[in-house]
Amino acid sequence: MTQPQHDEMDFRALVGEVRPVRGGHDRADPGRPRRDPSDAQLARRESAVAEGEARLGLSDDFVDLVPPFDPLEFRRDGIQWGVVERLRHGGYPAQASLHLLRRPLEECRRALPGFLREAREHDLRSVLIVHGRGREIDSPSNVLRSYLAKWLAAVEDMQAFASAGQRDGGIGATWVMLRKSERARADNRERQQKRRG
């Protein structure tokens, strides 16, 4: 007897008698379909959101606290100071606003990316974020203000931000200028070409 024949006999001896499955019982019963996500799915979703926020630079890791009476100010290379000044004094109309007053830091961290993404999708350029300001450097409002400065500087579509003037909320609010979308740039080029003839 050859080795393959011997192996086949050993296999048959181990498996025993085999009969085909009949009558539609050839599938496993998966049970009733779930309507709500499982705990594992919810945990994976939460982890994915946290990873996405970390990639955006919206982490809640250590931040240098901004003194409570210092205004926030930032501009990307290529943005003129005149634009920042006009932004600070409310020279661009608020096309949308986000109110973060008295909200927990984690909630603010989750709300900001969605708000900015939606503003970009609707071709908004100038938005106002109201966050409040505390008198102490470690007050919750000032901690949020410090994180907001860190988060906004990490957002790629943000061109400049500056603390608002007194009539728009003062140091407790921040104007943000977003980059023009490709669609808005194309519309602008088309208008300019029509004007030239």
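**Exercise 1. Is Arg102 buried or exposed, and what is the sign of its phi?**

Step 1: check the accessibility. Arg102 has 80% relative accessibility, so it counts as exposed. The cut-offs are these: buried means under 20% relative accessible area, exposed means over 50%, and partly exposed is in between, with a 1.4 Å probe and protein chains only.

Step 2: find the place. Arg102 sits in the loop between β2 and α4. Helices (H or I, at least four residues) and strands (E, at least two) are DSSP runs, numbered from the N terminus.

Step 3: look at the backbone. Arg102 is not a glycine, yet its phi is positive, at about 55 degrees.

A word on the model before going on: it is predicted, so local features need pLDDT of at least 70 and side-chain atom pairs count only at pLDDT 80 or more, while totals for chains, interfaces and linings use all residues. Residues are numbered from 1 along each chain as its sequence is written, and side-chain values use heavy atoms, with hydrogens and water left out.

**Exercise 2. Do the check again for Asp123: where is it found, and what is its phi?**

Step 1: Asp123 belongs to the loop between α4 and β3.

Step 2: its phi is near 60 degrees, a positive value in a residue other than glycine.

Step 3: Asp123 has 27% relative accessibility, so it counts as partly exposed.

Step 4: now look at some glycines. Gly16, just after α1, has a positive phi of about 85 degrees. Gly90, just after α3, has one of about 75 degrees.

**Exercise 3. How many helices and strands are there, and in what order do the strands lie in the sheet?**

Step 1: count the elements. The protein has six helices and five strands. Walk along from the N terminus and you meet α-α-β-α-β-α-β-α-β-β-α.

Step 2: read the sheet. The five strands form an open sheet in the order β1-β4-β5-β3-β2, and the pairing is mixed. Two strands pair if DSSP finds at least two bridges between them.

Step 3: find the edges. β1 (73-75) and β2 (96-99) each have a single partner strand, so one side of each is left without a neighbour in the sheet. From one strand to the next, the twist averages 20 degrees.

**Exercise 4. Which strands pair with β4, and over how many bridges?**

Step 1: take β1. It pairs with β4 (residues 158-163) in the antiparallel sense, over three bridges. Glu73 has Ala162 as its bridge partner, and Arg75 has Ala160.

Step 2: take β5. β4 and β5 are antiparallel too, with five bridges. Here Ala160 has Met177 as its bridge partner.

Step 3: check burial. Six of the six residues of β4 are buried, so the strand is largely enclosed by the rest of the structure.

**Exercise 5. Which strands does helix α3 lie across, and which of its residues are buried?**

Step 1: place the helix. α3 (residues 81-88) lies across β1, β3 (126-130), β4 and β5 (173-178), at about 50 degrees to β4. Axes are lines fitted to C-alpha atoms, for helices over the stretch in contact, and angles run from 0 to 180 degrees between N-to-C directions.

Step 2: list the buried residues. In α3 they are Val84, Leu87 and Arg88. Seen down the axis of α3, they fall within an arc of 95 degrees, so they line one face of the helix. That arc is the one of the directions from the helix axis to the C-beta atoms.

Step 3: recall the rule. An α-helix has 3.6 residues a turn, so residues three or four places apart point the same way.

Step 4: find what they face. The buried residues of α3 pack against β1, β3, β4 and β5. Contact means heavy atoms within 4.5 Å.

**Exercise 6. Which helix does Ala111 lie in, and which residues does it touch?**

Step 1: Ala111 lies in helix α4.

Step 2: leave out residues up to four places away in sequence, and Ala111 touches Leu100 and Arg103.

Step 3: try a C-alpha distance. Ala111 and Leu98 are 13 residues apart along the chain, and their C-alpha atoms are separated by 8.6 Å.
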